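User: I'd like to go through this one by asking how each statement is backed up. Can you take me through it?

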Amino acid sequence: MKSWTFAVKRLAYSGVSLLGLSILIFVIARVLPGDPARLALGPRAPQSVVEALRLQLHLNDPVYTQYFYWLRGIFTGDWGIALFTQRNVLIDVSDFLPATIELILFAAIIDLVIAVPLGLAAGRRANSIVDNGVRVLSYVGIAVPSFVVAILLQLFLGYGTHLFPLIGRISQNVVPPTQITGLYTLDALLTGNPGAFADSVWHLILPAFALALGPIAQEARIMRSSVVENLDKDFTLSEVSHGLPERTITFKYLMKPSLIPTITIYALDISAQIANAFLIETIFIWPGFSKYGLNAMLSKDLNAIVAVVMVAGVMFVIANILVDLVVGYLDPRIRLQRRTEE
Amino acid sequence: MDVRRFQKRKAIGRSVIATAVVVILVVVGVGAYYVFVPGQGAGTQTTTPTSTQSTSGAAGTLSLTFANVPNADPAKGSDEASSAALANLYDSLVFPTSSGTIQKDLATSWTVSSDGLTYTFTIRSGVTFHNSDALTASDVVYSLNRFISVGQGYSYLFSPYVSTVSAPNSNTVVIQLKKTFGPFLSALVRLYVVDQKLVSSHYNSTAPNNDYGSTWLLTNDAGSGPYQMSSANLESNMVIKAYSNYWNGTQPYQPQTVNMIGSSDSSTVHALFTSGQIQITDQWQPYSNVLALSQLKEAKLVTIPTVNEFYLMIDTTKAPTDDIYVRQAMSYAFNYSSVINNIFPGSKPSAGPVPTALPGHNPSIPASSQNLALAQQAIQKSKYYGKLTNYPVTYWWVTQVPSEQKMALEFASDMQKIGVTVNVVGQPWLTVVANLAAESTSPNVVSITDGASYFEAGSVLQSRYTTPSEGTWEQNEWLHNSTLDNMIFSALSTLDQTQRFQQYNTIQQQIYNQYPTVYAFDVYEARAYYPTVVNWYAANGHPIVLLGYDFYFRDFQFYPSQLTALFG
């Protein structure tokens with residue numbers, strides 16, 4: 001099976017999964033306590049206004065009818081009104097999602113750049129000082145929650161040393177780049193605005209690192225285990241017996257197969273951040289989608305809750321497909337197996 | 001693969017890595033140059049910021065935190081941040097004063113018909129909106145009609161009373177009421193005038209009722225107030241800047257730019273205040289945090305009165321709290337001073353159902369205090385005395401406010417002294433709201449803060465103790481008392497203020513005598529601020545206690561040079 005056929009098939013299967021997810025979250029959101037219309041309008045709003053909002057949101061209809069309206073709206077650009085911001089959820093998504101995507105992408109870069117070399121070094125020198133050092137770092141990274149890391153970074157590197165800004169996406173005295181993608185760094189590069197680019201990167205470093213530390217710790221351990229396992233494989237012993245230099249063995253023949261489990265976890269970790277970044281976004285007052293999701297939950301904002309969960313679901317699906325493609329690239333046996341299945 | 005090909009690929013790989021490193025170094029170097037060298041950088045400007053997602057502080061900007069980012073639609077916003085933003089972005093017909101009265105604002109004069117049903121206002125001439133459109137009487141008419149049609153925010157103050165509103169000429173507005181409403185002029189501080197032409201041009205034709213321009217007004221303003229909106233991000237902050245053509249002029253030291261940050265996260269606020277990036281903290285900080293911040297160099301702690309009160313709302317229909325003697329005993333047994341001193345420091349004792357700072361409060365009602373002897377006497381008169389163990393009291397506290405748990409445990413401990421068993425249960429706010437909707441699902445006691453929307457006791461009495469508020473989070477007492485309803489609505493319809501206040505006094509005494517509520521304390525906002533940087537009237541003993549009006553920035557005096565001297 002060719003890669004693109006495989007991707008199309010996976011997309012089709014994923015569509016079914018997303019449909020199931022949408023039904024599930026739609027029903028769950030509606031059995032939460034409280035009348036969303038009354039919650040949105042407050043106790044003093046006239047009942048007539050509450051009733052009008054209920055009608056607008058189709059809350060008086062059966063759940064399956066509400067679901068039908070929602071599903072139709074998804075394809076026509078009407079994602080429903082968010083009670084929290086009082087506007088179309090689609091506008092909210094397009095406003096807040098890029099900030100979170102940018103944060104997650106930077107966290108992903110930091111994660112990859114640190115976790116893979118750490119794991120490789122630890123695995124190649126198993127039980128050495130390097131390995132033990134990486135082990136301790138990994139335990140700390142896994143055990144300490146990201147919000148604690150965020151607060152510590154903010155206090156020491158933001159407040160204490162003034163090396164990094166405490167909050168926000170960009171300094172108040174810097175004009176944000178003209179919006180193209182919504183990712184400040186990318187937009188700044190596209191519009192040739194180096195000042196905005198540097199300032200955005202400067203703002204990204206602390207929250208992205210806080211977000212990345214947990215995954216770094218986890219993936220460094222997985223990479224290390226994978227490297228140790230592959231060191232005992234026949235192909236490695238054969239390369240050693242042929243006298244290939246250690247660096248060649250490590251980077252050319254050992255790293256590739258060892259990356260397979262790491263990449264799988266890496267993709268899942270990164271895609272999970274869309275829903276998990278809310279504490280980081282709260283601490284750094286990052287105007288992102290994850291924090292928006294938290295507010296939606298707290299105010300029983302039905303349309304926003306469903307949108308947040310669905311976007312997170314789509315991110316997982318995309319990440320999984322990409323992982324499958326990357327793993328297929330890294331491991332020829334998987335590609336061959338797919339062709340055999342075809 | 002032969003060795004030469006391998007070496008060639010290796011060389012290419014090294015070149016790629018080297019190039020990437022050089023590119024990264026150049027980018028970082030250029031970036032660092034732009035960021036760290038003062039006065040450099042294509043993206044740096046020294047004028048007022050116009051960014052849409054800028055949060056970090058800038059010199060010359062007064063920055064402060066709120067619980068959330070304001071909702072700047074005058075027909076929708078009603079929380080503290082929104083009320084503060086609206087007071088600065090928009091003008092109203094009248095304006096509240098620190099003495100609890102109102103003064104002229106857009107209205108230069110007014111007359112009231114003898115039956116109290118017709119109000120005629122003369123509108124100030126020469127007022128312009130921020131886009132230079134002239135403000136006329138028709139804008140006032142449009143704003144009131146829009147307000148009532150949207151039906152949200154503070155519109156409940158007008159929708160039951162206003163019959164028609166018209167503009168016989170460009171500087172006269174006539175408001176006809178369906179029934180008399182004594183505090184109508186006080187309530188008018190919440191009618192913010194929008195530019196009809198501008199708002200109408202931003203209607204969303206695909207939304208129900210064209211959405212009345214609401215979506216546009218969330219991130220733009222159509223007002224004539226002393227400040228205009230510079231930028232708004234609904235997840236982070238709103239920046240407003242002084243309007244140079246304000247009809248009442250500008251003040252010499254008013255802040256030119258104000259950054260209203262929507263975050264009350266303790267660690268963030270701590271770091272921001274300590275580094276001088278905000279100059280006033282929000283009211284939602286734990287007292288220990290505010291106290292610590294106020295001990296910084298040049299910082300100060302200030303407690304500002306509000307028109308909010310912390311109530312322990314008692315269900316008067318469920319056993320054993322349906323017995324007045326049980327409720328009376330609870331009121332006497334509760335250790336108010338412990339709560340005020342240890343859990344909510346800075347707050348003050350309450351005295352009955354109306355906050356003491358609110359005009360119309362009955363001064364003859366004594367401040368709440370513990371008296372165990374009287375509590376014992378009351379409980380012995382109860383029909384449940386001797387069998388109270390069969391009637392445990394359910395007490396709900398809102399889990400979003402952790403300090404409430406301590407107060408709940410204090411309550412349970414105090415009630416043990418009179419033989420009442422209390423089951424303390426933490427509930428999320430949504431669950432509290434949902435369950436208070438029905439008498440059958442509400443608890444014996446629930447702790448909630450509530451307050452006034454306008455400058456009179458009637459505001460609280462109506463929202464807390466009339467039958468229409470049953471089933472909302474504002475009442476767990478379930479009084480079902482039509483006599484009390486009639487008294488409250490009669491007072492609200494009384495035009496003469498002296499008579500109205502007398503009626504308020506009688507009503508408060510009557511409610512107090514029924515012990516439907518434990519009046520825990522009057523809420524005082526505890527904040528840390530830098531007095532040398534900000535001269536703030538509310539902190540200097542002249543607060544305008546109406547929600548949002550302690551932040552009328554035109555009356556602030558802001559000294560950026562002091563800020564620079566403190567923090568560099």
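User: What makes you say that domain 1 and domain 2 of chain B are in contact?

Analyst: This is a predicted model, and the test is whether C-beta atoms, placed from the backbone, lie within 7 Å. By that test 10 residues of domain 1 of chain B are in contact with 10 residues of domain 2 of chain B. On the domain 1 side, those residues divide into 3 nonpolar, 5 polar and 2 charged.

User: Where do the domains of chain B run, and how far apart are the centres of domain 1 and domain 2?

Analyst: Domain 1 covers 91-196, domain 2 is made of 225-299 + 531-567, and domain 3 is 308-524. The centres of domain 1 and domain 2 of chain B, taken over C-alpha atoms, are separated by 29 Å.

User: And chain A, which domains does that one have?

Analyst: The assignment gives domain 1 (9-89) and domain 2 (91-309) for chain A. Their C-alpha centres lie 33 Å apart. Domain 1 of chain A puts 21 residues into the contact and domain 2 of chain A puts in 15.

User: Which element gives the most to the domain 1 side of that contact in chain A?

Analyst: That's α1(A), with 6 residues. The elements giving two or more residues to that side are α1 (3-31), α2 (36-41), β1 (81-82) and β2 (87-88) of chain A. By class, the domain 1 side has 14 nonpolar, 5 polar and 2 charged residues.

User: How many residues does each chain bring where chain A and chain B touch?

Analyst: Chain B brings 55 residues and chain A brings 50. On the chain B side, α1 (3-36), α6 (214-219), β10 (257-262), α7 (266-274) and α13 (429-435) each supply at least two residues. That side divides into 18 nonpolar, 33 polar and 4 charged residues.

User: Now the sheet in chain B. Why are β13 and β15 called edge strands?

Analyst: β13 (422-427) and β15 (517-529) of chain B each pair on one side only. The open sheet has 5 strands in the order β13-β12-β14-β11-β15, with mixed pairing. From one strand to the next, the twist averages 35°.

User: How do you know that β11(B) pairs with β15(B)?

Analyst: Pairing needs at least two bridges between the strands. β11 (residues 300-314) of chain B and β15(B) have 11 bridges, in the antiparallel sense, so they count as a pair. Among the partners, B:Y311 stands opposite B:Y519, and B:V302 has B:R527 as its bridge partner.

User: What about β11(B) and β14(B): how many bridges are there?

Analyst: There are 7 bridges between β11(B) and β14 (residues 445-451) of chain B, again antiparallel, so this pair also passes the test of at least two. One of the matches puts B:M313 opposite B:V446 in β14(B).

User: Over to helices. How do α5(A) and α11(A) pack?

Analyst: α5 (residues 89-124) and α11 (residues 246-276) of chain A pack at an angle of about 145°, with their axes 10 Å apart. The crossing is right-handed. From α5(A), the residues making the contact include A:I104, A:A108, A:L112 and A:L120, and those from α11(A) include A:M255, A:Y266 and A:I270. The contact residues divide into 10 nonpolar, 5 polar and 2 charged.

User: And α14(B) with α16(B): is that crossing left-handed or right-handed?

Analyst: Left-handed. The axes of α14 (residues 457-465) and α16 (residues 497-514) of chain B come within 10 Å and cross at roughly 35°. In α14(B), B:A457, B:G458, B:L461 and B:Y465 meet B:Y504, B:I507 and B:I511 in α16(B).

User: What makes one residue in that contact polar, and how many are nonpolar?

Analyst: The contact of α14(B) with α16(B) has 6 nonpolar, 1 polar and no charged residues. Gly counts as polar in this scheme, and B:G458 is part of the contact, so B:G458 is the polar one.

User: Last one: how does the span of α4(A) compare with the expected value?

Analyst: α4 (residues 63-76) of chain A has 14 residues, and the expected span is 1.5 Å times one less than the number of residues. The helix reaches 20 Å from its first C-alpha to its last, close to the 20 Å expected. Just after α4(A), A:G77 takes a positive phi of about 85°.

Key: Residues numbered from 1 in each chain as written. Chains lettered and ligands numbered in written order. Predicted model: local features only at pLDDT ≥ 70, side-chain atom pairs only at ≥ 80, totals over all residues. Axes fitted to C-alpha atoms, helices over the stretch in contact; angles between N-to-C directions. Helix = DSSP H or I, 4+ residues; strand = E, 2+ residues; numbered from the N terminus. Left-handed = near helix turned anticlockwise from the far one by under 90°. Contact = placed C-beta atoms within 7 Å. Domains from an automatic or database assignment.
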